Amino acid sequence: MNENESENQTVNPYAAPATAVITAKRDDTETAFIAYGKSVSAGNGATWMGEAWELFKKNPGIFIACFIIQIVIYAVLAFIPLLGSLLTALIGPIFAAGWIVMAHAARNDDSVEVGQLFAGLQNKAGELFTLGAINLGLGILFVIVLGVLGFAVFGTALLGLISAGGDTGKLSSLVSGGSLLMFLVFFLIVFIGSFLLYGALWFAPALVMQHNVAPLEAIKQSFLAFMKNWLAFVVLGLIFIGLCIASIFTLGFAMLVVFPLMFLSTYSSYRDVFTDGQ
């Protein structure tokens, strides 16, 4: 057998091409980071929840299991007087970072595992605990401010009620006067302050985990990006509240899905605001 005959036998002209086929896979490493984030429309709040649902559908069992583990840990800490509340605030960013890692893996069709809930402890423990400490400090400061305002508002009202005694006429005048307005203003301050505190920490774990942003800078960028897009967050919040109300009809079991969706939306909102990825 000559050399040409040997080649004809080893190479089949009718065989399929031997070129390797490479499956396309999404990867966020090619997306550009947008410092301080960009402004998006209010309707994007609904888009964030929709994208969170798409991520959830890929690994529902894992996400529900992680939520249950997180709740159990928080419940155990709740039994520790004072220290439990402090630890809960400190580890909050750890869990938030874990959801970012799991959402990132799900979006890129990588394996999602329960252990990823604690990924922040392996890579960015110091930075994430710092975020928790800053958040705890801001929370304590907020409570002190509320305490001072509350004493001014409710203390004044209480003195007014005492001075009114059994005089229903004076009591009615007091309620219909400035005291009722002060009550409303106080509760408005509570709502707005809580909203802003959430904004300061919303994007921060993702910025630390995905882009190595320092904790203080991450909180600063998170807050400013949150303020740029507060309307979108109002939409997201209304959807979340609506889902919580609807979960009543499932005896609360739907919350096993609703809360993971909210956690996953931190990733979808971060990608939308801080990257140019699609």
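## Helix ends, packing and core

Helix α9 is followed by N212, whose phi is positive, near 55°. The model is predicted.

**Exercise 1.** Find how many residues of helix α9 are buried, and name them.

*Solution.*
- Step 1. Locate the helix: α9 spans residues 204-211.
- Step 2. Apply the cut-off: a buried residue has under 20% relative accessible area.
- Step 3. Count: 6 of the 8 residues in α9 pass, leaving the helix mostly covered.
- Step 4. Name them: A204, P205, A206, L207, V208 and M209.

**Exercise 2.** Describe how helix α2 packs against helix α12.

*Solution.*
- Step 1. Two packed helices are described by the angle between their axes and the distance between the axes.
- Step 2. Take α2 (residues 44-58) and α12 (residues 255-274): the angle is about 115°, and the axes lie 7 Å apart.
- Step 3. Give the handedness: α2 passes α12 in a right-handed crossing.
- Step 4. List some partners. The α2 side includes W48, W53 and F56, and the α12 side includes P260, L264 and Y267.
- Step 5. Sort the contact by class: 13 residues are nonpolar, 4 polar and 2 charged.

**Exercise 3.** Place F63 in the largest nonpolar core.

*Solution.*
- Step 1. Size the core: it has 53 residues.
- Step 2. Find its main source: helix α4 (residues 83-107) gives the largest share, 11 residues.
- Step 3. Pick out the residues with the most contacts inside the core: F63, W99, F203 and L264.
- Step 4. Look around F63. Leaving out residues up to four places away in sequence, F63 touches L55, F56, W99, M102, A106, V112, P260 and L264.
- Step 5. Recall the general trend: in soluble globular proteins, nonpolar side chains tend to be buried together.

Conventions: Residues numbered from 1 in each chain as written. Predicted model: local features only at pLDDT ≥ 70, side-chain atom pairs only at ≥ 80, totals over all residues. Heavy atoms only, no water. Core = buried A, V, L, I, M, F, W, Y, C linked by side-chain atoms within 4.5 Å. Buried < 20%, exposed > 50% of the residue type's maximum accessible area, 1.4 Å probe, protein only. Helix = DSSP H or I, 4+ residues; strand = E, 2+ residues; numbered from the N terminus. Contact = heavy atoms within 4.5 Å. Axes fitted to C-alpha atoms, helices over the stretch in contact; angles between N-to-C directions. Left-handed = near helix turned anticlockwise from the far one by under 90°. Nonpolar A, V, L, I, M, F, W, Y, C, P; charged D, E, K, R; others polar.
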